[in-house]
Amino acid sequence: MSSTWDPSQYERFAEPRLRPGLELLARIPVEAPRRVVDLGCGTGNLTAALAARWPEAEVVGVDHSAEMLERAGEVAPAVRFEEGDAETYCPPPGTDIL
């Protein structure tokens, strides 16, 4: 399924969209994950927070929208982003947090 997302429109609601993710992030009791995958990463705001919390982990953002991934690469340039679909995505072995 192909769809076009507008990152600028998406980010108009960045604060209320990010808040639940940050609240959930604060509740994850894992101290030193090896690999963290943000499935449906959008513009990468939460992905950047994941990378900041676990700087030693391999953090990967996955989204089906090329437009969103392009913006995510600007938001979190040190993170790897890849195109993928939540319906078919299979995390690689060794993924500690999805």
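**Salt bridges and fold, with reasons**

Trainee: R19 and E15 are said to form a salt bridge, so what makes this pair count as one?

Mentor: The closest N and O atoms of R19 and E15 are 3.2 Å apart. A salt bridge asks for a side-chain nitrogen of Lys or Arg within 4 Å of a carboxyl oxygen of Asp or Glu, so the pair qualifies. Keep in mind that we are looking at a predicted model.

Trainee: Where do R19 and E15 lie?

Mentor: Both belong to helix α2, which covers residues 14-27, and they are four residues apart, about one turn of the helix.

Trainee: Why is E15 called exposed, and what is R19 called?

Mentor: E15 has 52% relative accessibility, and the cut-off for exposed is over 50%, so E15 passes it. R19 has a relative accessible area of 41%; that falls between 20% and 50%, so R19 is partly exposed.

Trainee: Now to E11 and R71: what makes their contact a salt bridge?

Mentor: Their side chains meet at 2.5 Å, N to O, and that is within 4 Å, so the name fits.

Trainee: How do you know which parts of the chain this pair ties together?

Mentor: Look at where each partner sits: E11 is in helix α1 (residues 7-11) and R71 is in helix α4 (residues 66-75), so the bridge ties together parts 60 residues apart in sequence. As for cover, E11 has a relative accessible area of 25% and R71 has 23%. Both values lie between 20% and 50%, so both residues are partly exposed.

Trainee: Helix α4 also holds E67. What is E67 called, buried or partly exposed?

Mentor: E67 is partly exposed, at 30% relative accessible area. Its C-alpha atom is separated by 7.2 Å from that of T4, although the two residues are 63 apart along the chain.

Trainee: What about R35 and E58, whose side chains also meet in a salt bridge?

Mentor: That one is 2.9 Å, N to O. It links distant parts of the chain, with R35 in strand β1 (residues 35-39) and E58 in strand β2 (residues 58-63), 23 residues apart.

Trainee: Why is R35 called buried, and what does E58 count as?

Mentor: R35 has 19% relative accessibility, and buried means under 20%, so R35 meets the cut-off. E58, at 32%, counts as partly exposed. R35 and E58 also share a network with R80 and E82, joined by salt bridges that share partners.

Trainee: How many salt bridges does the structure hold?

Mentor: Seven. The protein has 9 positive and 17 negative side chains, and the centres of the two sets lie 6 Å apart.

Trainee: Let's step back to the fold. Which elements does the protein have, and in what order do they run?

Mentor: There are four helices and three strands, running α-α-β-α-β-α-β from the N terminus on.

Trainee: How do you know how compact the protein is?

Mentor: Its radius of gyration is 13 Å, close to the 13 Å that the globule rule gives for 98 residues, so the protein is as compact as a globular protein of that length. Of the 98 residues, 35% count as buried. Among contacts between residues at least 6 apart in sequence, 57% join residues at least 24 apart.

Conventions
Residues are numbered from 1 along each chain as its sequence is written. This is a predicted model: local features need pLDDT of at least 70, side-chain atom pairs count only at pLDDT 80 or more; totals for chains, interfaces and linings use all residues. Side-chain values use heavy atoms; hydrogens and water are left out. Helices (H or I, at least four residues) and strands (E, at least two) are DSSP runs, numbered from the N terminus. The radius of gyration is taken over C-alpha atoms; the globule rule is 2.2 Å times the number of residues to the power 0.38. Buried means under 20% relative accessible area, exposed over 50%, partly exposed in between (1.4 Å probe, protein chains only). Contact means heavy atoms within 4.5 Å. Lys and Arg count as positive and Asp and Glu as negative; His and the chain ends are not counted. The place of a charge is taken as NZ of Lys, CZ of Arg, CG of Asp or CD of Glu.
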